[in-house]
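Hello,

Here is the structure I promised to pass on. Please open it first, then read my notes underneath.

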Amino acid sequence: MLLPFKIAWRFLLDKKLQTILVIFGIAIGVSIQIFIGMVSQGLEKTLVDKVLAYSPHITVYSKSGGFSDWQKEADRIRSNFPEVKAVSPNVNNQAWIKLENMPIPVLVRGFNISDTERLYNITEAIYDGSSPVNDNEVLLGKELAERLGVKVGDEVSILTLGRQMRQTVTMKIVGLYDFGVTKINNVWVITNLTTAQNFMGFGDKVTEIELAIDDPFQADVVSNQISSALSGEELYLNNWKGQNQLLVSAIVGQKLVTLVIQFFIMLATIISIVNTLTINVFQKSKQVGILKAMGLTDFSSSLVFFYQALLLSLVGIALSLGFLVVFLRGFNKYIVTLQGLPVVNVTVNYRFIALSILIFLVASMSTAIFPALRCIKLNPIEVIKNA
């Protein structure tokens, strides 16, 4: 086994420039392939995170207008569906806040704040004050508070349309939040569940149950599973994929395009290895013929080209990792928004890198089959006679 390796090494050194060019071609091809794959993953994650930043993956509604036994339904979902990581019953109610003589439309949202941590992470978004604990306590968004000219400890009058009559309720501001989304900061008035239920004259009911799952792209599958399990009940389920079909189609299309690009990059890189090894068969046929005449077996002579493919691939892969670091640092440093943040949050996925390298290594080693077969067919007597 050592002799074919030494021969392979010598053959590569005999054509230094050709070997160096092939190695650089492999390094560039592999690094770009992995880089494109990670940018694609980062783009997908960035898009999904922005769409779902303050939206549930699945929402469960009652066709009768509200859940009277919502605690039972929430417990059933938690116990029967381990992929659901957050269950948040809530009450939503349109209302108005008075600004001098003009009412501002808002959405009063009542939560059990602890249930929303894996959905909205409200506690993390509070930059002044604390979460509403007692009745008639609210959180206001940054832009809405600035528009009203209020601060923590002030009171605001909220006009709401309950089931019985129109009423104005005075609320105490216990905290200010900033989700980084102006539309939400301007509209959401967050309070506890009891306060929102009293707004609506809703008793102990909730308007909906919002769910978050481990894999957002399984939202439609999990939604169907929950719907089947709760069949026969007056429930209606919706998921983010059904509400954003154009975005989902765009993400799927982007994935397919990325796979096609990666395939042709790998194909071009592999073809360069095949060409190099095939040319080596012709260039070194005399030497191989002499070695076979001296007793080198067909198997050992074919191993020469497998070793060449292995050496070219390993050195090219090692160099590609260095190129990949340069590409990632340059992308995260220069492809940024006006605020200096990366346009696409590209993170290093070691599993993806290892899988890509493994696939390339297997494909590149298979390229040695063709020159190896040609080498086996070489008749040493004819090669030496015709040399």
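Let me start on helix H10, which spans residues 245-283 and holds Val260. Please keep in mind that this is a predicted model.

Val260 belongs to a nonpolar patch on the surface. Its partners there are Phe263, Phe264, Leu267 and Ile271, and the patch covers about 470 Å². Is Val260 buried or exposed? The answer is partly exposed: its relative accessible area is 45%. A residue needs over 30% to count towards a patch, so Val260 passes that cut-off at 45%.

Now the overall picture. The protein has 387 residues, and 46% of them are buried. There are 15 helices and 10 strands. The exposed area is about 20,200 Å², with 60% of it supplied by carbon and sulfur atoms. Among contacts with a separation of 6 or more, 78% join residues 24 or more positions apart.

Next, the interior. The largest nonpolar core has 31 residues. Which of them touch the most other members? They are Val60, Ile77, Val84, Leu211, Ile226 and Trp240. Take Leu211 as an example. Leaving aside residues up to four places away in sequence, Leu211 touches Pro56, His57, Ile58, Val60, Ile77, Val84, Ala86, Val87, Leu119 and Ile226. Apart from this core lies another, of 28 residues, including Ile23, Leu277, Phe331 and Ala363.

Strand S3 is worth a look too. S3 covers residues 102-111 and is mostly covered, with seven of its 10 residues buried. S3 pairs with two strands that I can list here:

- Strand S2 (residues 84-99) is antiparallel to S3, over 10 bridges. In S2 and S3, look for Asn90 opposite Phe111.
- Strand S8 (residues 188-192) runs parallel to S3, and five bridges join them. Val108 stands opposite Val189 in S8.

Last, two backbone points. Most residues other than glycine have a negative phi. Two asparagines here have a positive one.

- Asn121 has phi near 50 degrees. Asn121 sits in the loop between S3 and helix H4 (122-125). Asn121 is partly exposed, at 32% relative accessible area.
- Asn136 has phi of about 65 degrees. Asn136 is in the loop between strand S4 (126-129) and strand S5 (137-141). Asn136 is partly exposed as well, at 34%.

Best wishes

Terms used. Residues are numbered from 1 along each chain as its sequence is written. This is a predicted model: local features need pLDDT of at least 70, side-chain atom pairs count only at pLDDT 80 or more; totals for chains, interfaces and linings use all residues. Side-chain values use heavy atoms; hydrogens and water are left out. Patches are made of residues with over 30% relative accessible area and no salt bridge: like charges are joined within 9 Å, nonpolar side chains (Val, Leu, Ile, Met, Phe, Trp, Tyr) within 5 Å. Accessible areas come from the Shrake-Rupley method with a 1.4 Å probe; for residues, only the protein chains shown count as cover. A salt bridge is a side-chain nitrogen of Lys or Arg within 4 Å of a carboxyl oxygen of Asp or Glu. Helices (H or I, at least four residues) and strands (E, at least two) are DSSP runs, numbered from the N terminus. Buried means under 20% relative accessible area, exposed over 50%, partly exposed in between (1.4 Å probe, protein chains only). A nonpolar core is a set of buried Ala, Val, Leu, Ile, Met, Phe, Trp, Tyr and Cys residues joined through side-chain atoms within 4.5 Å. Contact means heavy atoms within 4.5 Å. Two strands pair if DSSP finds at least two bridges between them.
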